[in-house]
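Please open the model in a viewer and keep the selection panel at hand. The stops below are arranged so that each selection leads to the next.

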Amino acid sequence: MRSPVQLQHGSDATNGFHTLQPHDQTDGPIKRVCLTRGMHVPEHVAMHHTHDVGPDQCCSSVVQMIHAPPESVWALVRRFDNPKVYKNFIRQCRIVQGDGLHVGDLREVMVVSGLPAVSSTERLEILDEERHVISFSVVGGDHRLKNYRSVTTLHASDDEGTVVVESYIVDVPPGNTEEETLSFVDTIVRCNLQSLARSTNRQ
Amino acid sequence: MADICYEDETSACESRPLWSSRKWRIGVQRFRMSPSEMNPTASTTEEEDKSEGIYNKRNKQEEYDFMNCASSSPSQSSPEEESVSLEDSDVSISDGNSSVNDVAVIPSKKTVKETDLRPRYGVASVCGRRRDMEDAVALHPSFVRKQTEFSRTRWHYFGVYDGHGCSHVAARCKERLHELVQEEALSDKKEEWKKMMERSFTRMDKEVVRWGETVMSANCRCELQTPDCDAVGSTAVVSVITPEKIIVANCGDSRAVLCRNGKAVPLSTDHKPDRPDELDRIQEAGGRVIYWDGARVLGVLAMSRAIGDNYLKPYVTSEPEVTVTDRTEEDEFLILATDGLWDVVTNEAACTMVRMCLNRKSGRGRRRGETQTPGRRSEEEGKEEEEKVVGSRKNGKRGEITDKACTEASVLLTKLALAKHSSDNVSVVVIDLRRRRKRHVA
């Protein structure tokens, strides 16, 4: 039985965000989008999943329920040096600056075959062991996701499980629409969080 | 898939990561597949190539023997079939051209002569510019033997699997899909090929999903760190050749091409997401095709059908498209290959090249197993002939399994693909379909 997965799109009206019109793209202001609006989450979670979205950008979040305590899930999620413990699509990962435990550290990820990407250079932005928050931004590599930044938070659910929220913000690549970009990235993120659920339950 | 690898090539030229100092290995490996070789690596050393070939030839013999045992056992146990068994004799008096009313005369042992019903074939696989080999090839001549009171026929299986995400789904297809087809073939009395193949592919797809949920093979790169293979898949283009028909079942963007009377006849159609009927099917299922470095399902996968890839179901289905083609005297050969070849070589060019190889190396009237061609003097050729003789002796009347001309044709196609800058794995199987001259039985 697959765990329920919820999607919150940045373009959803319930988030108070209006769909960008073409004529707005050149001079549209930055809009603040809270991707957990409507959800019952701790205040720090809501803060981490609030993004300032500029023109030609989009954001979204994926929610995954996992029937395991937050500490068990966090043991996998916190591995900036070894994302393969739960993420798909990674062929190799190597820390290229620092030790993977501090903000500013860099990793080089090589992507598996079959995907429209080759590599990704990623910087650790947040690693909060107390509140279970990890964030990275993509600063280079061979792919089409420019200015990508991801935040993943864990918090306890009401039934002794864990609620994982992963949100991201990214530029819309030339030639694609916002909807297409969200569809592509959501597919990857959703697949990884479902894998995280299976990996955690398998331990 | 090739367009990604082109980027890979560009990236490598521009700024190769410091930690990845290994040079790209480009070469062609001529080998016979065996169970222990799940991920053969291409080698540029010619000596290694030939040495490996000799070793693999022995493995092929062993695998062939095993398959004979495996395939004959179910036949013999079938209560509905009357089995005519002639020890040390493989005689087929009836073939597709004979009337069902012909009565087979069972000759005595002394007048029976060996006839070789197996097609000649060759295979070549090359890693190419990509650093991992994720293709797999399965060759199973005589994997099904059908016997009735009046006739005995053999069916032959050839499969090419192009993995993506990792190699283990393709490796699993190589190990199992022919067994599933065999089970379906032996249990199906009506020879409904479309349904048989669809059931086989569905079972294969379920096996790779279920298999990933229980145990991971230590032979693939996923290792124990990624205990999940929802995001790994493979193409599968499979051909079963009977005396009367050529059956092709395809799932993904590998391809089967028949050469008939000098003309290329595609027996499969590539499953690309922007193929109009595939696009309709995906959209009706609630998915979408996004152009992200080419047309991709949800922007992720560049093919619309595959074995595995559970996370993209139901948009990416494992249902094969099946074609059944009657054999004719004009049939020359069949090519099965991955998109590493077809992305850079047209059907017509491939047929022209293979045709030159087969016509030059293998005269229509020449019979195998007889005296070797005089004039071969080089040491390597001597070795190869010696190996052939050993093989023939070991298998008694079965003779040579693979044909050098077909293998050379396969190798030539892989070299052509590399010359045209294919940056993907390339795997090619060439199957000679020309009928052997029939011998008369007293």
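Begin by selecting Gly163(B), which lies in strand β3 of chain B. In this predicted model, Gly163(B) counts as buried, at 0% relative accessibility. Add Asp162(B), which is placed in strand β3 (residues 152–164) of chain B. Asp162(B) likewise has a relative accessibility of 0% and counts as buried. The UniProt record lists Asp162(B) and Gly163(B) under "binding site".

**The three aspartates**

Keep Asp162(B) selected and add Asp339(B) and Asp424(B); UniProt lists these three for "binding site". They are spread over 263 residues of sequence, yet they cluster in space, the largest C-alpha distance being 9.9 Å.

Inspect the two added residues in turn. Asp339(B) is found in helix α6 (residues 339–342) of chain B, and its relative accessible area of 1% makes it buried. Asp424(B) is situated in the loop between α9 (404–419) and β14 of chain B. At 0% relative accessibility, Asp424(B) counts as buried.

**Strand β14 of chain B**

From that loop, proceed to strand β14 (residues 426–432) of chain B. Is this strand enclosed or open to the outside? Seven of its seven residues are buried, so β14(B) is largely enclosed by the rest of the structure. To examine the two faces, colour Val426(B), Val428(B), Val430(B) and Asp432(B) on one side, then Ser427(B), Val429(B) and Ile431(B) on the other; all of these are buried, and both faces are covered.

Next, display the strands paired with β14(B). Strand β1 (residues 120–126) of chain B runs antiparallel to β14(B) and is joined to it by seven bridges. To locate this pairing, select Ser125(B), which stands opposite Ser427(B). Strand β13 (residues 331–337) of chain B also runs antiparallel to β14(B), with five bridges between the two. Here the pair to select is Leu334(B) and its bridge partner Ile431(B).

**A pair of cysteines**

Select Cys259(B) and Cys351(B), and display their sulfur atoms. Why is there no bond between them? The sulfur of Cys259(B) has its closest cysteine sulfur in Cys351(B), 4.2 Å away, which is too far for a bond. A disulfide would require the two sulfur atoms to lie within 2.5 Å. Cys351(B) is accordingly in no disulfide, and the structure holds zero disulfides over all chains. Both side chains may be checked for exposure: Cys259(B) is buried, with a relative accessible area of 0%, and Cys351(B) counts as buried at 2% relative accessibility.

**Chain A: an overview**

Now turn to chain A and switch to a cartoon representation. Its secondary structure comprises three helices and ten strands. Followed from the N terminus, the elements run β-β-α-β-β-α-β-β-β-β-β-β-α. Of the 203 residues in chain A, 60% are buried. Among contacts in chain A between residues at least 6 apart in sequence, 53% join residues at least 24 apart.

**Helix α2 of chain A**

Select helix α2 (residues 70–77) of chain A and highlight its buried residues, Pro70(A), Val73(A), Trp74(A), Leu76(A) and Val77(A). Then orient the view along the axis of α2(A): these buried residues fall within an arc of 160°, so they line one face of the helix.

**The nonpolar cores**

Two residues of that helix lead to the next selection. Val73(A) and Val77(A), together with Phe89(A), Tyr148(A) and Leu196(A), have the most contacts inside the largest nonpolar core, which has 53 residues. Which elements each supply at least two residues of this core? In chain A they are β4 (57–66), α2, β7 (119–128), β8 (133–142), β10 (162–171) and α3 (178–202), and in chain B they are β9 (289–291) and β10 (295–297). The largest share, nine residues, comes from α3(A).

Centre the view on Leu196(A) and display its surroundings. Leaving aside neighbours within four places in sequence, Leu196(A) is in contact with Ile66(A), Val73(A), Leu76(A), Val77(A), Tyr86(A) and Val164(A). Apart from this core lies another, of 31 residues; select Phe143(B), Trp193(B), Ala249(B) and Val322(B), which are among them.

Definitions and conventions. Residues numbered from 1 in each chain as written. Chains lettered and ligands numbered in written order. Predicted model: local features only at pLDDT ≥ 70, side-chain atom pairs only at ≥ 80, totals over all residues. Heavy atoms only, no water. Buried < 20%, exposed > 50% of the residue type's maximum accessible area, 1.4 Å probe, protein only. Helix = DSSP H or I, 4+ residues; strand = E, 2+ residues; numbered from the N terminus. Pairing = 2+ DSSP bridges. Arc of directions from axis to C-beta. UniProt positions renumbered as here; feature names shortened; annotations may be inferred. Core = buried A, V, L, I, M, F, W, Y, C linked by side-chain atoms within 4.5 Å. Contact = heavy atoms within 4.5 Å.
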